[in-house]
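Please open the model in a viewer and keep the selection panel at hand. The tour proceeds from the interior to the chain contact and then to a sheet.

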Amino acid sequence: MGASNFVEGVDLAFKIIFGISLFFLVGITTVMLYFVFRYNRKRHPRAIQIKDNNILEITWITIPLILVLLMFYYGYVAFSPMRIVPKDAIPITVIGKMWVWTFEYEGGKQSADLVVPLNKAVKLNLHSDDVIHSLYIPAFRIKEDVVPGKNNYMWFIAQQPGEYDILCTVYCGLRHSYMEAKAKVVPEAEYQAWLKALPEKTNEPEGLTILKKNACTGCHSIDGSKIVSTSFKGLYGKTERVITNGSERTVTVDDAYIKTSVYDPDKDLVIGFQKGIMKTYKGIVTEDEITKITDYLKSIK
Amino acid sequence: MTEEKTHHPEPSYLVDTGKYKGLMAWLTSTDHKRIGLMYMYAMMVFFAVGVILGMVMRIELFWPGQQFYGPQAYNGIFTIHGIIMIFTVVIPGLAAVFGNFSMPIMIGARDVAFPRLNLFSFYLYVIGAAIALASQFMGNGPPDTGWTFYAPYSIQTHTNVVAAVFGAFVLGFSSILTGLNFIVTMHRMRAPGMTFFKMPLFPWSLYATAWIQVLATPIVGITLLMIIAERWLRIGFFDPSLGGDPVLYQHLFWIYSHPAVYIMILPAMGVITEIIPTFSQKKIFGYKAIAISSLAIALVGYFVWAHHMYTSGMSTTARWVFSLLTFLVAVPSAIKVFNWVTTMYKGSISLKPPFLFALGFIFLFMIGGMTGLSLGALATNIHVHDTAYVVAHFHYIVFGGVGFAFFAAIFYWYPKMYGRMYNFKMANWSFVFLFTGFNLLYFPQFIIGMMGMPRRYFDYLPQFTLGHQLSFFGGLLLVIGFIIMLITLFSKKGAPAPDNPWGGRTFEWRIPSPPPVENFEVMPEMAENEQPYDYK
């Protein structure tokens, strides 16, 4: 049994298409090489002209036509159930944001991985906060684009317990290739227990919630590790060499510097970083929120 | 026609006869043959840049994780690799080089209909390519959107998207004007007695191509301008945060860019259709079927664009309609393959380098086409869409197809272009390296794509390592093949070429090698009972 309810149909379509293709590829190549050998000028110094043959032309229009229609049919049959969601499917909202997946369960509980019960229909409502992403679970043979401003969806029934890769397949910028998560398929009881244990509302500091909400933590870690840019850990109070209007200077990371960095990231650019990688958050992050972020940064010195 | 060597009362087109000498004589020439060569030299330079960028990517992908440079650099490299290869190499490609060099001679004309417009198209090409390349070095760093410029990312990124998009826009105009020029040339300037159905099949393929260039390119032109307007004036066409629709962008982009695939491949099919009868000394089998299938591909090719968008959230109806139409366009391509192979039947085959490359083309094109079938079918597309499988598929078409046809065309018309032969043994060796290297580079990408390796990934999961490493070695073999080919073509002068080294029947083989400036001393005609491929 396949990892999801779609595996069987999709793989059958692959087998039919690849099978027919391989037959023709080998057949035509063999005939071609045979002609090249048999009618080589050494063995066959004079070509024999033959007339066009309409019956032959019609034959090799009709047979491929029938075969491709067959392929179309198997492709369609395996695909069409992918768009018809059972009424009792468990709804989960997927939020795609540069470069993190978040899975939101009923009641607003959020998880970084997709945990689903075995043999239950699950519907994923796809939502993007910024650019187009695409949610791809290769083992389940499913993929749909996560388009900002559109309500796309996908669904599946996981049929094998285990852990499967979730990837992003529409290019979405700097850390596109790191926009990964796991799909964990567990028995129903375990799923219920997990869902119950999932914290209702996070007790994390407000500043951290704001940083996560705006995907700041996609580039700036909070544990001291380097992702794309400087880690937030120990940042407050540190001195940095920056370029301001083309000249180097030293600054101390304080309240004012943090505000500049959020609203005008290229103004005091730390040496070694490229302009334009971080966009301005003017109009996205309020001044009040910056104060909360600053408070949080002070707490992880 | 006489078979003995013709005299050279007129100087060849390679000799400067105008008021300028040397480089200036070339840069100001409206001779279709010189313009064809200038396109070829420019394309070789761009192609070399594209190949180097490709290898720079393969080196980084040799191991998972970061080796030599970071993701921002990688994203810029795959973007400019795509822009250079698509917009400056394979789209103008065979039509600009051999359409210019050979087509007017093959239909019995002294030049294209509008020679000065033709030179203008060449300069637009150079300017457009220069702008696209300059986008790498100006502004906020190289564009990082991929060659598809998908909105809203292309609206929001701070990198230098506008310059790259504008370069593509200018290149589009070059393409439109060349198409227009060719359509008029083929309608108005064919030799007396050469009806449309007596025209050789390479010109036929260019005719179908030219209509796509003229009718489809303006759409991408407008679309690219809309991106610029959206970035500069904040007009909300595509970015939902400005009230636009990102899927609209994809429709507009692919309405051009899918037919553009046929702009690339139709002339390639045309070249193969010339080479096979010549080296088999046999009349092409199914002349009319091949000619009409070119038009059929051009026509149906307009209605399949959304097969690039099955996962974009389109309605189920739209998905199956586009899938069905996509399968229909597969049939005319199959017809051509059957006719090519049947032409070899009972021929007298001479396995010279152009024919060898043509065989390579047929094999690689079949793999490219057949792997396209599972991209056209809905269920299978969902799995492999936007993965390395797609990367492999389109490289089999645009490189295995267009590229190998390009190499075949160079080896086929080289004696006519330069009046010199080349070393066959060396040419065959270049084929061995190119063919082996190509398959080793791209075939593993099919497999890791099936396993779930997404495209445009700077870093990847460990299960894909072996595939990427094989691809790297394939890339090395390819580069060796190119070097051998360049040495074969340009290192030293070969023996003088006869007028008709391969025993071809089309007009270009009835005039001196290299041709005189005005091509024909006496304008050719086609007799009532004469056919374009009347081998005896």
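A nonpolar core is a set of buried Ala, Val, Leu, Ile, Met, Phe, Trp, Tyr and Cys residues joined through C-beta atoms within 7 Å; buried means that 20 or more other C-beta atoms, placed from the backbone, lie within 10 Å of a residue's own. This is a predicted model, in which local features need pLDDT of at least 70, side-chain atom pairs count only at pLDDT 80 or more, and totals for chains, interfaces and linings use all residues. Residues are numbered from 1 along each chain as its sequence is written, with chains lettered from A and ligands numbered from 1 in the order in which they are written.

Select first Ile272(B), Ala405(B) and Ala408(B): these have the most contacts inside the largest nonpolar core, which has 223 residues. Helix α15 (residues 388-418) of chain B, a DSSP run of H or I with at least four residues, gives the most to this core, with 23 residues.

Next, centre on Ala408(B). Among the residues that it touches are Ile272(B), Pro354(B) and Phe361(B), leaving aside those up to four places away in sequence; contact requires C-beta atoms, placed from the backbone, within 7 Å.

Now display both chains. The contact takes 73 residues from chain A and 74 residues from chain B. On the side of chain B that touches chain A, α12(B) gives the most, with 13 residues.

Finally, turn to chain A, where an open sheet of three strands runs in the order β12-β11-β13 with antiparallel pairing; strands are DSSP runs of E with at least two residues, and two of them pair if DSSP finds at least two bridges between them. β12 (247-252) and β13 (268-270) of chain A each have a single partner strand, so one side of each lacks a neighbour in the sheet. Select Val242(A) to find its bridge partner in β13(A), Val270(A).

Terms used: Two residues are in contact if their C-beta atoms, placed from the backbone, lie within 7 Å. A residue is buried if 20 or more other C-beta atoms lie within 10 Å of its own, exposed if 12 or fewer, and partly exposed in between; C-beta atoms are placed from the backbone.
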